[in-house]
Amino acid sequence: MPLILETIVTTLSPEGALHLVPFGLIAEGDDYVLAPFRPSPTILNLDADPYFCASSPRDVRVIAGAVTGRREWPTVACDRIRGRRLADSFGHAEFAVTSVEADATRPRYRGRLVHAAAHAPFIGYNRAQAAVLEAAILSTRLHMLAPDKVMAEMRYLAIAISKTAGPREREAWDWIEDKVAAHLGTEDRILADTDAARDGEASGVTC
Ligand SMILES: Cc1cc2nc3c(=O)[nH]c(=O)nc-3n(C[C@H](O)[C@H](O)[C@H](O)COP(=O)(O)O)c2cc1C
């Protein structure tokens, strides 16, 4: 399997409307392939104007927000292409599409790097951010997965949230939990149980 980088991809419609969504960029030699499932506004935008930007958000709420109907995040103009990048990012990369592999389900747009820049120091990995990323991807596949599998994965990911999240990661997690709970038709929240179990452990109470 190739290396895949999870990013926030931004494209512009011919009218200039911004479209901001998380996408995995698939490494292929020196290029990165963007592969959106149909139907997709990203596909329409790329077919009209073959440029895209990928940003690495500092705030993981951007990723959770994009898959829970919260897509209004500050952006600024790109440096070399017609487009916009996430304002609050570790860095961003601007790509020109050099070829398209047509496909009825998932076309592949091969992006050649035009420009890249760093914007903020990256100090360290955070398990809660990784857990939000995984949960966000999970939340886009609910229609394909059995409820037991979804619950098992969410329970595991909640451990990292309970142990290592800051306020932004908790809020991002809550947005995903609400989406998953609505899909499964439950009022219960996994993180509340995980926190309670941890508090019990800390005070010597066995759960
Ligand atoms: C981290 C992450 C990576 C994703 N990668 C892809 C991807 O590579 N291809 C895809 O079609 N959807 C991917 N998704 C789901 C899309 O973000 C989501 O379905 C989005 O609405 C699709 O964009 P569109 O509105 O342009 O169709 C990903 C979601 C997350 C959270």
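Trainee: Which element gives the most to the shell around the ligand?

Mentor: For that, go through the shell and see which helix or strand each residue sits in. In this predicted model, β2 comes out on top, giving 5 residues.

Trainee: And which elements give two or more residues to that shell, and where does the ligand's space rank among the pockets?

Mentor: The ligand takes up the space of the largest pocket. Two or more shell residues come from each of β2 (18-28), α1 (41-48) and α3 (127-139).

Trainee: How many residues surround the ligand, and which are the closest?

Mentor: A residue makes the list if one of its heavy atoms lies within 4 Å of the ligand. Here 19 residues do the surrounding, and His19, Pro22, Phe37, Ser40 and Thr42 are the closest.

Trainee: How do those residues split by class?

Mentor: Sort them into nonpolar, polar and charged. You get 12 nonpolar, 4 polar and 3 charged residues in the shell.

Trainee: Which domains does the shell draw on?

Mentor: Domain 1 (4-118) and domain 2 (127-202) each supply at least three residues.

Trainee: What about polar contacts with the ligand, say at Thr42, Gly24 and Arg106?

Mentor: Look for pairs of N or O atoms within 3.5 Å. Thr42 has a polar side-chain atom 2.6 Å from a ligand oxygen, and Arg106 has one 3.2 Å from an oxygen of the ligand. With Gly24, it's a backbone N or O atom, 3.1 Å from a ligand nitrogen.

Trainee: How much of the ligand's accessible area does the protein cover?

Mentor: Start from the ligand on its own, with 630 Å² accessible; the protein covers 83% of that.

Conventions
Residues are numbered from 1 along each chain as its sequence is written. This is a predicted model: local features need pLDDT of at least 70, side-chain atom pairs count only at pLDDT 80 or more; totals for chains, interfaces and linings use all residues. Side-chain values use heavy atoms; hydrogens and water are left out. A polar contact is a pair of N or O atoms within 3.5 Å; within protein, one must be able to donate a hydrogen and the other to accept it, and residues adjacent in sequence count only if both atoms are side-chain atoms. Accessible areas come from the Shrake-Rupley method with a 1.4 Å probe; for residues, only the protein chains shown count as cover. On a 1 Å grid over the protein atoms alone, a cavity is a set of points where a 1.4 Å probe fits but cannot get out, and a pocket is an open set with protein on both sides within 12 Å along at least five of seven lines; lining residues have an atom within 4 Å of a point. A molecule sits in a cavity or pocket if more than half of its atoms lie within 2 Å of its grid points. Helices (H or I, at least four residues) and strands (E, at least two) are DSSP runs, numbered from the N terminus. Ala, Val, Leu, Ile, Met, Phe, Trp, Tyr, Cys and Pro count as nonpolar, Asp, Glu, Lys and Arg as charged, and the others, Gly among them, as polar. Domain bounds come from an automatic or database domain assignment.
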